[in-house]
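Please look through the sequence and the model below before reading on. The paragraphs after it are meant for someone who has not seen this structure before.

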Amino acid sequence: MAQLANWRLEGEWLKNCTCAYGCPCDFNANPTQGYCKGFLGMRIAKGHFESTRLDGLTFFAVVHFPGALHEGNGQLQPIIDERASPEQREALFKIMSGQNSAEGTLFHICSLIVTKMHEPIFAPIKFDFDKAGRTARLVIPGVLETEVEPIKNPVTGAAHRIQVVMPEGFEHREGEVASANIRSSGAIKFETQGSHSTLAHVVQTPQGVAA
């Protein structure tokens, strides 16, 4: 294998999709509705690609898979923080391409299952995130909006808490499961109420998730 570039991303990770609570993909199961539309991404607290610093930037990817993710034929539209310089944009694209990741890691897998790449969007991104409280809000005007809140007990209305722990996970090792409303109006359009959300703190490297 060729020498991989030196990069690292540490920060707040959000994955929301059209499936029911408890992302079926985490359990190697089929999507709730037979297809999956959603998004994932992060705000980088500390990060770099070679000598290019990425601290403070945010990026997301909106996706659509017509069946189970491992069957491929997916679509993806990248959304990059408009504050990113040309060098930082190039660095993020090099990470997201999967060409600088080992086999079986998140970005490498995405490169295998996505067959249609939509034009990237560079836009202002407002992102509020509270993993412990299971709340988040993402606003990318004219492109993507989501609100995340705790799952509620259907009888009492009390907040419900559940975690997913994956010691060998390629996306994250431990995440809080929550409820999401999503409105996506970019190249991949969809809307949900009360669908799945995962909030996590992650460290991604060329070799995968760091413990």
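What follows covers two pockets and then two single residues. The model is a predicted one.

The largest pocket is a good place to begin. The space in this pocket comes to about 580 Å³. Its lining is made up of 25 residues, and those closest to the centre of the pocket are C25, D26, L69, F170 and E171. Several elements take part in this lining: strand 1 (7–17), strand 2 (36–49), strand 4 (58–65) and helix 2 (106–113) each supply at least two residues. Sorted by class, the lining of the largest pocket holds 17 nonpolar residues, five polar ones and three charged ones.

The second largest pocket has about 260 Å³ of space. It is lined by 17 residues, and L76, P78, M96, S97 and M117 are the closest to its centre. At least two lining residues come from each of strand 4, strand 5 (74–81), helix 1 (86–96), helix 2 and strand 6 (114–117). Which element gives the most to this lining? Helix 2 does, with four residues. By class, 14 residues of the lining of the second largest pocket are nonpolar and three are polar, while no charged residues are found there.

Strand 4 and strand 5 also frame the next residue, N73, which sits in the loop between them. Is N73 buried or exposed? N73 has a relative accessibility of 52%, and it counts as exposed because the cut-off for that class is over 50%. The chain also brings N73 together with residues farther along the sequence. V114 is 41 residues away from N73 along the chain, yet their C-alpha atoms are separated by 5.7 Å. If residues up to four places away in sequence are not counted, N73 touches H64, P66, I113 and T115.

The last stop is R134, in the loop between strand 8 (126–130) and strand 9 (135–140). R134 is buried, yet it has no salt bridge. Which side chain of opposite charge is the nearest to R134, and how far away is it? It is that of E176, at 4.3 Å. This does not count as a salt bridge, because a salt bridge needs a side-chain nitrogen of Lys or Arg within 4 Å of a carboxyl oxygen of Asp or Glu. E176 is nevertheless one of the contacts of R134. With neighbours within four places in sequence left aside, R134 is also in contact with V148, E149, P150, A159, H160, R161, V177, A178 and L199.

Methods. Residues numbered from 1 in each chain as written. Predicted model: local features only at pLDDT ≥ 70, side-chain atom pairs only at ≥ 80, totals over all residues. Heavy atoms only, no water. 1 Å grid on protein atoms, 1.4 Å probe; cavity = no way out; pocket = protein on both sides within 12 Å on 5 of 7 lines; lining within 4 Å. Points joined across faces, edges and corners; volume = space filled by probe spheres on them. Nonpolar A, V, L, I, M, F, W, Y, C, P; charged D, E, K, R; others polar. Buried < 20%, exposed > 50% of the residue type's maximum accessible area, 1.4 Å probe, protein only. Contact = heavy atoms within 4.5 Å. Lys, Arg positive; Asp, Glu negative; His and termini not counted.
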